[in-house]
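This report looks at internal spaces, aromatic contacts and local backbone features in one protein chain. The sequence and the model are shown first.

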Amino acid sequence: MKTIRLFLARGLLALGFVAFGATAQAANDLPGQGVTVQPLKSSLAEEAFQTLLVMRALEKLGYKVEPMKDLEPATEHLAIANGDATFMANHWSLLHADFYKNSGGDAKLWRQGTYSDGAVQGYLIDRKTAEQYNITNLAQLKDPAIAKLFDADGDGKADLTGCNPGWGCELAIENHLNAYQLRDSVTHKQGSYAALMADTIARFKQDKPILYYTWTPYWVSAVLRPGADVVWLQVPFSPAQAGAQVDTRLPNGRNYGFLANEQRIVANRAFIEKNPAAGRLFEVMKLPISDINAQNLRMSEGANSMQDVTRHTDGWIRVHQATFDGWIAQARAAAR
């Protein structure tokens with residue numbers, strides 16, 4: 001009888017170790033269990049794809065992920081720094097530098113790794129007008145005769161389709177207008193960028209000259225194709241930014257007035273310190289800029305509802321399942 005009791009005790013103890021091991025394994029597999037995450041994006045609908053991809057990965061780690069909310073970039077950074085939100089997936093490391101710094105910098109915010117790189121910004125005009133008048137440089141718009149070619153409202157000045165207030169790029173454009181002495185010949189048109197670009201594209205289809213600012217990744221360059229439909233304008237010199245001289249020449253030697261940017265995931269530092277799995281995930285995720293362009297183009301063609309974006313995101317994961325699973329594995333390993 002004593003031998004039987006000893007056997008049963010050892011068996012129960014072994015079962016206990018098995019149960020404990022299973023519980024520990026479950027905790028490692030779902031390190032985010034019980035933690036709620038609030039994602040942010042700007043009012044730009046095309047940022048939903050890359051944001052939702054991060055959300056899907058967090059859900060796989062067990063986090064409860066709330067629906068993304070829209071705020072403009074400066075407010076996004078502040079909300080994350082203050083703990084009112086958890087992360088944003090569309091921080092431009094150079095363009096949003098002041099937003100990051102003014103929100104507390106590394107003391108309150110966190111960023112590691114590069115989510116997407118090779119983002120280029122600048123000014124473009126239609127190729128027909130560029131070739132007819134030999135326009136290659138933004139400074140040529142100082143000439144009233146050249147500027148008038150791009151006059152859409154009849155005031156004699158070029159109308160530049162510009163950047164929404166609060167995005168950061170509008171400050172760079174305003175700086176350029178001063179640096180290149182274009183105030184008297186160029187009007188910076190601001191408002192809803194999507195609506196302004198719709199008008200710009202309509203003018204192009206009517207065979208009228210167009211002048212606009214854009215960036216990549218974004219669907220505009222799939223509709224107005226650089227080199228085929230439109231051409232980039234260079235600038236006469238690299239402008240001073242934040243009181244300092246910055247060399248904005250790209251590796252190919254061209255100078256569009258903007259440094260090449262990286263898109264990075266920015267998160268609340270206190271959250272990352274408590275959630276190493278999420279930190280590792282944010283660090284290793286990388287999305288090709290061509291994939292963002294392709295998805296954004298589908299949105300521009302009408303597949304732009306949240307259901308559409310969800311379908312695009314889930315489809316991307318299926319096609320790149322090994323890559324996605326690799327991110328998850330590295331995040332789980334960090335939790336251990």
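The sections below take up the cavities, a pocket, the strands beside it, the aromatic residues and two backbone details.

## Basis of the report

The coordinates are those of a predicted model, and what follows should be read as a description of that model.

## The largest cavity

A search of the whole structure returns 2 cavities of 30 Å³ or more, and the largest of these encloses about 240 Å³ of space. Its lining is made up of 22 residues, of which Ser42, Leu44, Glu47, Trp92 and Trp215 are the closest to the centre.

Two or more lining residues come from each of helix H3 (73-81), strand S5 (87-92), strand S10 (211-216) and helix H12 (289-300), with S5 giving the most, namely 3 residues. Sorted by class, the lining of the largest cavity comprises 12 nonpolar, 7 polar and 3 charged residues.

## The second largest cavity

The second largest cavity holds about 40 Å³ of space, and its lining consists of Tyr123, Leu138, Leu141, Leu160, Ile173, His176, Leu177, Leu182, Val186 and Leu211. Helix H7 (residues 169-179) supplies the largest share of this lining, with 3 residues.

By class, the lining of the second largest cavity has 9 nonpolar residues and 1 polar residue, while no charged residue takes part.

## The second largest pocket

About 210 Å³ of space lies in the second largest pocket, which is lined by Phe150, Ala152, Asp159, Thr161, Lys189, Leu196, Asp199, Thr200, Arg203, Pro209, Ile210 and Leu211. Leu211 therefore belongs to two linings, since a lining residue needs an atom within 4 Å of a point and Leu211 is listed both for this pocket and for the second largest cavity.

Strand S8 (158-161) and helix H8 (193-205) each provide at least two residues of the pocket lining, and H8 gives the most, with 4 residues. The classes represented in the lining of the second largest pocket are 6 nonpolar, 2 polar and 4 charged residues.

## Strands S8 and S9

S8, which contributes to the pocket lining, pairs with strand S9 (residues 186-189) in the parallel sense over 4 bridges. Within this pairing Asp159 stands opposite Thr187 in S9, and Asp159 is also one of the residues that line the second largest pocket.

Together with H7, the strands S8 and S9 make a right-handed β-α-β unit. The helix of this unit, H7, is the element that gives the largest share of the lining of the second largest cavity.

## Aromatic residues

The structure contains 17 aromatic pairs, and one aromatic cluster is formed by Tyr123, Trp167, Tyr193, Tyr213, Trp215, Tyr218, Trp219 and Phe258. Members of this cluster recur in the linings described above: Trp215 is among the residues closest to the centre of the largest cavity, and Tyr123 is one of the residues that line the second largest cavity.

A contact between a charge and a ring is found at Tyr100, where Arg111 lies over the face of the ring at 3.7 Å from the ring centre.

## Backbone details

Thr216 and Pro217 are joined by a cis peptide bond, with an omega of about 10°. Pro217 is found in the loop between S10 and helix H9 (220-223), and S10 is one of the elements that give two or more residues to the lining of the largest cavity.

Asn134, although not a glycine, has a positive phi of about 55°. Asn134 is placed in the loop between helix H5 (127-133) and helix H6 (144-148).

Note on methods:
Residues are numbered from 1 along each chain as its sequence is written. This is a predicted model: local features need pLDDT of at least 70, side-chain atom pairs count only at pLDDT 80 or more; totals for chains, interfaces and linings use all residues. Side-chain values use heavy atoms; hydrogens and water are left out. Rings of Phe, Tyr and Trp (its six-membered ring) pair if their centres lie within 6.5 Å; planes under 30 degrees apart count as stacked, over 60 as edge-to-face and the rest as tilted. A charge sits over a ring if NZ of Lys or CZ of Arg is within 6 Å of the ring centre and within 35 degrees of the ring normal. On a 1 Å grid over the protein atoms alone, a cavity is a set of points where a 1.4 Å probe fits but cannot get out, and a pocket is an open set with protein on both sides within 12 Å along at least five of seven lines; lining residues have an atom within 4 Å of a point. Grid points are joined across faces, edges and corners, and a volume is the space filled by probe spheres set on the points. Ala, Val, Leu, Ile, Met, Phe, Trp, Tyr, Cys and Pro count as nonpolar, Asp, Glu, Lys and Arg as charged, and the others, Gly among them, as polar. Two strands pair if DSSP finds at least two bridges between them. A crossover is right-handed if, with the strands pointing away from the viewer, the path from the first strand over the helix to the second runs clockwise.
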